[in-house]
Amino acid sequence: MTQVTALVLAGGQSSRMGQDKALIQVAGLPLLRRVCDIALSCTPVVQVVTPWPGRYQTILPSAVGFVHEEFLPQEVPQSHGPLVGLAQGLSQVRTPWALALACDLPNLEAAVLKTWMSHLNALPETALAYVPKTGNRWEPLCGFYRQSCLPILQDFIQVGGRSFQRWLDRQSVEVAIGGSHEMLLNLNRPEDVAALQAATISGN
């Protein structure tokens with residue numbers, strides 16, 4: 001199977017949530033820990049991309065490393081968004097592919113990620129990414145990126161690009177098929193957490 005580095009992005013401000021999403025408890029574990037545990041079941045190389053490594057170090061296994069995300073000078077103190085986080089993470093990747101994961105995916109499934117990983121070798125060499133879609137929108141924070149796409153990504157960022165959707169629309173991207181809508185659910189607001197908890201209780 002192709003070697004993959006998992007990059008778990010945890011650099012957002014969580015402004016809509018009102019608290020740090022990465023630390024929200026789901027089934028007894030912080031969201032970031034849950035995502036990292038699943039990533040570790042897929043690959044031994046897992047890096048959390050964040051401006052705040054010290055905030056998360058104590059809740060993660062020792063096998064998980066960190067990429068210290070730097071805010072771009074013109075955007076301090078605001079977050080520059082996950083596209084820049086991915087670029088900074090990719091700059092530290094030494095494997096052919098990187099798996100980008102948001103830190104707030106409570107329904108992430110290791111089996112689906114492993115199936116997608118098994119398809120990477122068969123992708124055309126021109127494909128820079130392997131990403132699922134919901135309707136007409138990419139789900140970029142649960143997808144795979146060639147490390148070699150970094151210069152193209154950096155050029156896009158250099159001219160002010162911050163939109164994953166716009167960047168992916170301009171690239172050669174293969175669509176990853178097989179993940180459920182539930183698996184791609186992310187948590188942005190308190191009501192999202194309440195709905196997830198209610199669904200968990202009703203499912204028990």
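**Exercise 1.** At roughly what angle do the axes of helix α1 and helix α4 cross, and within what distance do they come?

*Solution.* The model is predicted. Start by locating the helices: α1 spans residues 31-42 and α4 spans residues 110-119. Their axes come within 9 Å. They cross at roughly 40°.

**Exercise 2.** Classify the arrangement of α1 and α4, and give the handedness of the crossing.

*Solution.* Take the angle of roughly 40°. Angles under 35 degrees count as roughly parallel, and 65 to 115 as roughly perpendicular. The helices α1 and α4 are therefore oblique to each other. Next, the handedness: α1 passes α4 in a right-handed crossing.

**Exercise 3.** Which residues make the contact between α1 and α4, and how many belong to each class?

*Solution.* From α1, the contact uses I38, S41 and C42. From α4, A110, L113, K114 and M117 take part. Sorted by class, the contact has 5 nonpolar, 1 polar and 1 charged residues.

**Exercise 4.** How many disulfides does the count come to? Check C103 and C142.

*Solution.* Apply the cut-off: a disulfide needs two cysteine sulfur atoms within 2.5 Å. Take C103. The closest cysteine sulfur belongs to C36, 8.9 Å away, which is too far for a bond. Now take C142. The nearest cysteine sulfur is that of C42, at 9.6 Å, and C142 is in no disulfide. The count comes to 0 disulfides.

**Exercise 5.** Are C103 and C142 buried or exposed?

*Solution.* Buried means under 20% relative accessible area. C103 has 8% relative accessibility, so C103 counts as buried. C142 has a relative accessible area of 2%, so C142 is buried too.

Conventions
Residues numbered from 1 in each chain as written. Predicted model: local features only at pLDDT ≥ 70, side-chain atom pairs only at ≥ 80, totals over all residues. Heavy atoms only, no water. Axes fitted to C-alpha atoms, helices over the stretch in contact; angles between N-to-C directions. Helix = DSSP H or I, 4+ residues; strand = E, 2+ residues; numbered from the N terminus. Parallel < 35°, antiparallel > 145°, perpendicular 65-115°, else oblique. Left-handed = near helix turned anticlockwise from the far one by under 90°. Contact = heavy atoms within 4.5 Å. Nonpolar A, V, L, I, M, F, W, Y, C, P; charged D, E, K, R; others polar. Buried < 20%, exposed > 50% of the residue type's maximum accessible area, 1.4 Å probe, protein only.
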